[in-house]
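I opened this entry to record what I looked up in the structure, beginning with strand pairing and ending with a single cysteine.

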Amino acid sequence: MTAESPLLGLAELQALAQQPHRACQCPLADCTGWTSVPGHRWPGSALVAVGTLRHAEGAEPTFEEWHPQRTRIDSPDAPLAVHHYPCNRAEVFACKQCQQVVLKYDETGGYYFDSRARRVHSPSLLCDPSPP
Ligand SMILES: [Zn+2]
């Protein structure tokens, strides 16, 4: 995370996700749902950071998830609610070759650290219901 990453909202993310995509062998093409991507597998050189969904100031963002259709957090068809968990902790990247948008957040526990990534494969999954 860098200090200069601009804070993105739903409209900006939808605009990024709707850009025309070129064919690409994205290393993260399989991450249609939130997928664990250990640091050594993170294709940093293939991606460019475009922003963050994480508010730098204010209260700790919610851990509430948004699953009106009974999806699970790792479902490929789970909504991407920008102010719900885990989008509200995510950094936003784009593939340099095909402009596919990828979100990434770090899951931490007591003895546990994991980076999870999800490609925004369908702009229609993006939404912004009222935060809980
Ligand atoms: Zn790509």
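I first looked up Thr 108 and found that its bridge partner in β6 is Phe 113. The model I am reading is a predicted one.

I then followed the two strands concerned. β5 (residues 101-109) pairs with β6 in the antiparallel sense, and I noted 8 bridges between them. The connection from β5 to β6 is a hairpin of 2 residues.

Next I checked the pairing of β6 (residues 112-119) with β1, which is also antiparallel and runs over 2 bridges. Here I recorded Arg 116 of β6 as the bridge partner of Ser 36.

I turned to the nonpolar interior. The largest nonpolar core holds 24 residues, and Val 82, Cys 87, Val 92, Val 102 and Leu 103 have the most contacts inside it. I listed α1, β3 (80-81), β4 (91-95) and β5 as the elements that contribute two or more residues to this core.

For Val 82 I looked up the residues it touches beyond four places in sequence; among them are Leu 10, Leu 13, Leu 53, Cys 87 and Leu 126.

My last item was Cys 26, which I located in the loop between α1 (10-17) and β1 (35-36). Is Cys 26 buried or partly exposed? I entered Cys 26 as partly exposed because 18 other C-beta atoms lie within 10 Å, whereas a buried residue needs 20 or more. Leaving out neighbours within four places in sequence, I found Cys 26 in contact with Cys 95, Cys 98 and Gln 100. From Cys 26 to Leu 126 I noted 100 residues in sequence and 21 Å in space, C-alpha to C-alpha.

Conventions. Residues numbered from 1 in each chain as written. Predicted model: local features only at pLDDT ≥ 70, side-chain atom pairs only at ≥ 80, totals over all residues. Helix = DSSP H or I, 4+ residues; strand = E, 2+ residues; numbered from the N terminus. Buried ≥ 20, exposed ≤ 12 C-beta atoms within 10 Å, placed from the backbone. Contact = placed C-beta atoms within 7 Å. Pairing = 2+ DSSP bridges. Core = buried A, V, L, I, M, F, W, Y, C linked by C-beta atoms within 7 Å.
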